[in-house]
Amino acid sequence: MRKKINVQLVTISVLAVASTVIMMLFAFYDSFQNQVKDDLEVNALVLKHTGLFNKENIGSLHFNYEKLRVTWIDADGNVLYDNDADIGNMDNHMSRPEIKSAFADGEGSAVRKSKTLNTNTFYYAVRLTDGSVLRVARNASNIWSILTRVLPIAVVTLILMIALCIVLAHFMTRNLLRPIEQMAVDINDFSITPAYRELVPFVTTIRAQHADILKSARMRQDFTANVSHELKTPLTAISGYAELIENGMVAPSEIGEFAGKIRKNARRLLSLINDIIRLSELDSADTRIVMEKFDLLEETQVCVENLQMYAQKNDVTISCEGEPVEVTANRDMIGELINNLCENAIRYNNKNGTVCVKTGSRDGHAFLCVKDTGIGIPKEHQKRIFERFYRVDKSRSKQTGGTGLGLAIVKHVVALHDAQIHLESEEGKGTEITVIF
């Protein structure tokens with residue numbers, strides 16, 4: 001970026017200097033031409049008022065001017081006098097533009113270029129009182145010959161100016177970028193205001209993204225630590241029970257019990273791994289959601305039917321009610337959401353408790369409500385229950401096989417469907433979770 005800005009500044013400076021030199025050259029030459037014309041006009045008027053140009057003085061006229069040519073033309077266009085040429089060899093001048101203008105308007109001027117001499121000849125003609133015309137002329141360098149003479153000076157000046165521009169561009173680039181580079185160092189200091197007002201939206205966005213990245217990194221670090229801890233517990237138990245059996249420290253009558261504990265911890269380990277994989281899939285930016293229209297009540301009835309055995313095993317009654325309502329969503333994800341909510345409602349319920357799953361429509365929006373008569377959630381825990389591995393009752397969660405990831409998966413599914421989730425719970429009186437699509 002520094003090099004690019006430097007090059008652009010130098011390029012702009014070089015173009016500006018070069019164009020300025022060229023424009024000044026043309027402006028100077030234009031001023032030079034006007035000065036030559038003004039000088040010729042003054043000379044012509046002075047000569048006119050001398051009174052020398054009359055037919056009585058033709059024989060005595062003599063002007064020894066090296067740089068000024070004087071020509072006297074009669075009313076028919078014939079040359080009466082010329083101080084720089086033999087009038088006998090000169091043709092009629094009536095066709096000359098400056099002569100025509102002088103006869104018609106009293107004065108005239110013209111510039112004729114000589115390609116061979118690389119010069120311009122400036123002419124000024126004025127009409128005298130007797131009807132004849134007096135013309136003065138002088139040679140002057142054209143713009144190209146002037147350019148040739150001033151070219152060495154112009155080149156040296158241009159080189160010096162370019163060198164100065166390079167130095168100034170270097171310092172300007174450094175001063176321009178210094179506040180931006182400093183902002184990169186102070187990205188975490190929100191008290192520092194950007195030096196350039198235009199950078200405020202950019203810095204605000206970068207800071208927000210940086211904060212999100214740090215937060216995400218901390219969450220991933222915490223998640224990794226939690227995963228390690230959660231996986232370590234069942235693995236330690238499985239390893240311990242297997243080692244006891246391997247070393248013959250378990251009575252034959254107790255082997256079945258130990259095998260059951262190994263199976264239970266293996267099942268918990270498998271559930272953890274499946275939930276972790278599922279969360280990783282939902283976290284992935286490449287997650288593709290295939291939407292379809294289906295009846296939410298019908299999907300809920302299928303999930304409730306599949307959980308009947310699990311509910312009976314936990315001495316809980318689960319039921320489904322409501323009215324058919326169509327939603328546009330991913331059927332598998334919604335099924336997963338219903339299963340997780342219902343399993344949590346069963347797992348943390350009281351003996352002989354109930355779980356009621358209801359679907360319907362409110363204010364034009366489909367909803368799913370899972371209500372239980374379980375242990376409830378204390379107020380201080382309600383804001384965190386959707387966090388990964390967060391448990392209100394850790395001992396009970398492990399006893400019932402909970403991974404602590406079910407509600408985190410529910411939260412992800414809700415977010416991917418732009419839905420809303422509401423929690424109402426009171427300790428000892430049960431919990432009601434509502435998802436509004």
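## Cysteines that stay apart

The sulfur of cysteine 356 sits 7.3 Å from the closest cysteine sulfur, which belongs to cysteine 369, and that is too far for a bond. The cut-off for a disulfide is a pair of cysteine sulfur atoms within 2.5 Å, so at 7.3 Å cysteine 356 doesn't make one. Cysteine 356 is also partly exposed, with a relative accessible area of 23%. Keep in mind that we're looking at a predicted model here.

How many disulfides does the structure hold? Zero. Cysteine 303 is another one that's in no disulfide: its nearest cysteine sulfur, that of cysteine 342, is 7.0 Å away. Cysteine 303 is buried, at a relative accessible area of 3%.

## The chain as a whole

Stepping back, the protein chain has 10 helices and 12 strands. It runs to 437 residues, and 37% of them count as buried. On the outside, the chain exposes about 26,600 Å², with carbon and sulfur atoms supplying 56% of that.

As for contacts, take those in the protein chain with a separation of 6 or more: 61% of them come from residues 24 or more positions apart.

## The largest nonpolar core

Now for the inside. The largest nonpolar core has 36 residues. Which residues have the most contacts inside it? They are Ile318, Leu337, Ile338, Leu341, Val355 and Val357. Helices and strands both feed this core: the elements giving two or more residues to it are the helices α6 (296-306), α8 (331-347) and α10 (406-416), plus the strands β7 (316-322), β8 (326-329), β9 (353-362), β10 (365-372) and β12 (430-436). The largest share, eight residues, comes from α8.

Leucine 341 gives a good look at how this works from one side chain's address. Leaving out residues up to four places away in sequence, leucine 341 touches Leu368, Val370, Leu407, Val410, Ile433 and Val435.

## A second core

Apart from the largest core lies another one, of 18 residues. Val36, Tyr81, Leu128 and Ala140 are among them.

## A spot on helix α1

Helix α1 spans residues 2-48, and isoleucine 12 is found in it. Is isoleucine 12 buried or exposed? It counts as exposed, at 56% relative accessibility. Isoleucine 12 also has a distant partner in sequence to look at: cysteine 165 is 153 residues away along the chain, yet the two are 9.4 Å apart in space, C-alpha to C-alpha.

Notes:
Residues numbered from 1 in each chain as written. Predicted model: local features only at pLDDT ≥ 70, side-chain atom pairs only at ≥ 80, totals over all residues. Heavy atoms only, no water. Helix = DSSP H or I, 4+ residues; strand = E, 2+ residues; numbered from the N terminus. Buried < 20%, exposed > 50% of the residue type's maximum accessible area, 1.4 Å probe, protein only. Contact = heavy atoms within 4.5 Å. Areas by Shrake-Rupley, 256 points an atom, 1.4 Å probe, with all protein chains shown as cover. Core = buried A, V, L, I, M, F, W, Y, C linked by side-chain atoms within 4.5 Å.
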